[in-house]
Amino acid sequence: MNNTVLANVARGIGAGLAATAAMSAVLGIAYKVKTIDRQPPQLIVDAFLPDIPERENRVLAAVAHFGYGTAASIGYAVALPRIMQGVTTGTGYGALVWLVGYEGWLPLMGILPPAHRDDRRRVGTMFAAHIVFGSVLGFALRRRLTT
């Protein structure tokens with residue numbers, strides 16, 4: 001790997017942690033106001049490890065959530081030219097990540113129904129959370145371009 005790719009990976013990690021933290025805040029609020037019950041990362045852990053205790057589920061779900069968010073962020077940081085990185089493209093990317101997950105691999109694995117057939121509150125919450133994720137991702141990467 002050349003230095004530019006490694007630099008973009010590092011940028012993606014930092015921005016991804018910030019974006020995933022912002023998304024997690026949205027999910028935490030949604031859980032408290034009861035627009036979602038179990039958060040999707042917990043449902044994913046349930047699907048793969050159905051017999052683990054709740055405490056361990058929450059820890060693994062958080063690790064998986066930050067891992068997935070960071071990996072997705074690295075993809076954005078590496079694939080998109082730096083000049084195009086920002087809130088607008090980040091927001092679109094967040095929507096794309098949501099679409100691939102909630103109309104794609106999550107239903108294919110039997111973890112959640114496709115978004116178009118799911119509970120509207122979860123769909124709205126998860127879409128909004130992914131928009132926040134993408135916006136913060138794009139903002140964090142753009143901010144790094146100008147400082």
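In this predicted model, N57 sits in helix α3. With a relative accessibility of just 1%, N57 falls under the 20% cut-off and so counts as buried. Its side chain is not left without a polar partner: the side chains of N57 and D46 are joined by a polar contact of 2.7 Å. Setting aside residues up to four places away in sequence, N57 touches D46 along with R38, Q42, V45 and I52.

One of those partners, I52, belongs to the loop between α2 and α3. Here the picture changes, because I52 has a relative accessible area of 26% and is therefore partly exposed. Beyond residues up to four places away in sequence, I52 touches V45 and L60 as well as N57. V45 thus turns up twice, being touched by N57 and also by I52.

Further along α3, which covers residues 54–79, comes S73. This serine is shut off from the surface in the computed values: its relative accessibility is 0%, so S73 counts as buried. Apart from residues up to four places away in sequence, S73 touches G12, G16, F133 and L137. Two of these, G12 and G16, are among the buried residues of α1.

L137 leads on to the largest nonpolar core, a set of 26 residues in which Y102 and L137 touch the most other members. Five helices give two or more residues each to this core, namely α1 (3–32), α2 (40–48), α3, α4 (87–108) and α5 (120–146). The biggest share comes from α5, with 7 residues. As for L137 itself, leaving out neighbours within four places in sequence, its contacts are A15, G16, A19, S73, Y76 and Y93. G16 is therefore a shared partner, since S73, buried at 0% relative accessibility, touches G16 and L137 does too.

That leaves α1, the helix that holds A15, G16 and A19 among its buried residues. The rest of its buried set is made up of N8, R11, G12, T20, M23, L27 and A30. Polar and charged side chains are thus on the list, including N8, R11 and T20. In overall geometry, α1 has 30 residues and reaches 43 Å from its first C-alpha to its last, close to the 44 Å expected at 1.5 Å a residue. After α1 comes K34, with a positive phi near 65°.

Notes
Residues numbered from 1 in each chain as written. Predicted model: local features only at pLDDT ≥ 70, side-chain atom pairs only at ≥ 80, totals over all residues. Heavy atoms only, no water. Helix = DSSP H or I, 4+ residues; strand = E, 2+ residues; numbered from the N terminus. Buried < 20%, exposed > 50% of the residue type's maximum accessible area, 1.4 Å probe, protein only. Contact = heavy atoms within 4.5 Å. Polar contact = N/O pair within 3.5 Å; in protein donor to acceptor, adjacent residues only side chain to side chain. Core = buried A, V, L, I, M, F, W, Y, C linked by side-chain atoms within 4.5 Å. Expected span 1.5 Å × (residues − 1).
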